[in-house]
Amino acid sequence: MKQSSSYTILHVFDDAIISLDTIYLFLKLEEYNQTFAIITSDTEKWDKIDLPLLFIKNNKNSVTEIHALMQQFDVIIIQALSYEKAKAINKFNNKKSVIIWALWGYELYNIAQYFTKTKLEFSTTTRNKGILQRIKDYYAFKIIYQRAVQKIDISLFLLKEDFDLLSSCIPNAMIWKEACYQTVNNLIGENSSFKSTGNSILIGNSSTPSNRHEIAFNQLSKLNLNERNIIVPLSYGDNEYRDKVLTAGKLKFGNKFNPLKEFMSKDSYSQLLSSCSHAIFAHERQQAFGSILTMLLGGAKVFLSRVNPLFNWFNQHKIIVFSLESDFESEIEKPLSDIDKQYNAEQLNLLLSEKRILNQLDDVLTSSLNLLKSKNN
């Protein structure tokens with residue numbers, strides 16, 4: 001087999017906040033010949049980044065551009081399976097290449113929402129759909145996404161439960177590989193002194209229905225909050241849903257309700273998070289992983305729904321988290337003990353060490369090259 005650097009690897013990213021940290025992480029695997037492409041409408045904001053990036057214009061021609069770029073590489077890593085990327089995979093017929101889907105979350109749950117026909121709050125909207133939208137959804141999920149998934153060779157998902165959910169919707173021949181992009185350094189950077197020192201309560205991470213703010217609000221409304229504030233990040237997501245959260249939060253908590261409606265600098269946001277001793281993430285699926293980890297590293301007491309597969313994942317890795325359903329009343333008014341804070345921090349520093357995460361990613365890339373070799377023999 002050729003050396004790793006002889007094979008070419010393409011990453012296709014959306015223009016997302018965490019894309020840059022992910023690129024820097026993969027660049028530390030220096031033995032691989034990797035190229036990074038970003039689908040964006042604004043290339044100027046990347047001008048200060050001293051990296052050899054490729055850009056794909058986010059317009060009606062983006063599918064054609066993605067497909068043309070894919071043709072030039074041995075391994076293609078799709079960072080989040082957007083609709084445009086799924087269409088490009090549909091057009092791609094080079095059976096000697098290897099395609100990897102690195103899950104970012106939203107794409108899987110939109111697929112699951114369609115195929116299971118449930119009203120679980122997986123998607124970003126709960127509006128009733130007309131006949132034209134139902135036809136578009138059928139084409140998107142039953143044709144474009146289904147065919148794309150069945151062409152993918154490796155799934156890079158954190159949770160086996162997510163891979164099983166996908167397989168229950170769309171039969172596939174993918175190899176599942178466990179990995180994540182969150183390292184302690186990415187989460188807190190140079191701010192190793194980040195600590196949860198206040199007594200405020202953080203709820204959720206965005207203005208999407210999957211945050212289930214109403215569940216958390218109803219639980220908290222039973223308490224005497226005294227001087228505690230309720231901090232609710234709402235800077236991105238569904239605007240109509242955000243308006244409902246703003247109305248409900250103000251009604252239930254008055255001036256103790258502190259919604260974050262605009263993006264903040266990383267330092268300002270970290271300072272605000274440090275004022276929270278407790279954090280409630282009521283999602284029933286994997287979401288807000290980075291926010292959860294940050295709060296745990298800082299020593300906050302974190303509540304998750306037992307339905308959320310992340311709850312089991314943390315328990316499997318011996319991280320102390322609490323059940324929103326069974327622990328809330330007995331634990332919400334007590335801070336995490338100093339012993340438990342130190343324990344969680346030590347466990348997470350081992351679990352999310354850069355060395356461990358890079359070993360996981362190296363295993364994924366090595367597996368892709370082995371599969372590439374078998375396809376080309």
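Here is a friendly round of questions and answers on a predicted model.

Reader: Thanks for sitting down with me! In what order do the six strands of the open sheet stand?
Author: Happy to help. The six strands form an open sheet, and their pairing is parallel. Strands S10 (257-260) and S13 (322-323) each have a single partner strand, so one side of each is left without a neighbour in the sheet. Reading across, the order is S10-S9-S8-S11-S12-S13.

Reader: Which residue of S13 is the bridge partner of Phe303?
Author: Start with strand S12, which covers residues 301-304 and pairs with S13 in the parallel sense over two bridges. Phe303 has its bridge partner in S13, and that partner is Phe322.

Reader: Which residue of S9 does Ile201 stand opposite?
Author: S8 and S9 run parallel and are joined by two bridges. Both faces of S9 are covered, with Ile231 and Pro233 buried on one side, and Val232 buried on the other side along with a further isoleucine. That isoleucine is the residue opposite Ile201, namely Ile230.

Reader: At about what angle does helix H9 run to S10?
Author: Helix H9 spans residues 239-253. It lies across strand S9 (230-233) as well as S10. Relative to S10, helix H9 runs at about 160°.

Reader: And what angle does the direction of helix H11 make with that of S11?
Author: Helix H11, residues 289-298, packs on the sheet. There H11 touches strand S8 (200-203), strand S11 (276-281) and S12. Its direction and that of S11 make an angle of about 150°.

Reader: How many of the ten residues of H11 are buried?
Author: The buried residues of H11 include Phe289, Ile292, Leu293, Met295 and Leu296. Gly290 and Gly298 are buried too. H11 is largely enclosed by the rest of the structure, because the number of its ten residues that are buried is nine.

Reader: Is Gln182 buried or exposed?
Author: Gln182 is found in the loop between strand S7 (175-178) and helix H7 (184-188). Leaving aside residues up to four places away in sequence, Gln182 touches Leu187, Phe289, Gly290, Leu293, Leu352 and Ile357. Its relative accessible area is 17%, and the cut-off for this class is under 20%. Gln182 is therefore buried.

Reader: Now for cavities: which helix gives the most to the lining of the second largest cavity?
Author: A search of the whole structure finds two cavities of 30 Å³ or more, and the second largest has a volume of about 30 Å³. Its lining residues are Leu158, Glu178, Cys180, Trp313, Leu351, Leu352, Arg356, Ile357 and Gln360. They divide into six nonpolar, one polar and two charged. With three residues, the helix that gives the most is H15 (residues 354-376).

Reader: Which residue just after H4 takes a positive phi?
Author: Helix H4 covers residues 106-116, and its buried residues include Leu108, Tyr109, Ile111 and Phe115. The buried residues of H4 pack against strand S5 (98-102), helix H5 (131-149), strand S6 (154-157) and helix H6 (160-169). Just after H4, a positive phi of about 55° is taken by Lys117.

Reader: One last thing: which residue of S2 does Leu10 stand opposite?
Author: Strand S2 (residues 33-40) is mostly covered, with seven of its eight residues buried. Strand S1 (residues 8-14) runs parallel to S2, and seven bridges join them. In S2, the residue opposite Leu10 is Thr35.

Methods:
Residues numbered from 1 in each chain as written. Predicted model: local features only at pLDDT ≥ 70, side-chain atom pairs only at ≥ 80, totals over all residues. Heavy atoms only, no water. Pairing = 2+ DSSP bridges. Helix = DSSP H or I, 4+ residues; strand = E, 2+ residues; numbered from the N terminus. Contact = heavy atoms within 4.5 Å. Axes fitted to C-alpha atoms, helices over the stretch in contact; angles between N-to-C directions. 1 Å grid on protein atoms, 1.4 Å probe; cavity = no way out; pocket = protein on both sides within 12 Å on 5 of 7 lines; lining within 4 Å. Points joined across faces, edges and corners; volume = space filled by probe spheres on them. Nonpolar A, V, L, I, M, F, W, Y, C, P; charged D, E, K, R; others polar. Buried < 20%, exposed > 50% of the residue type's maximum accessible area, 1.4 Å probe, protein only.
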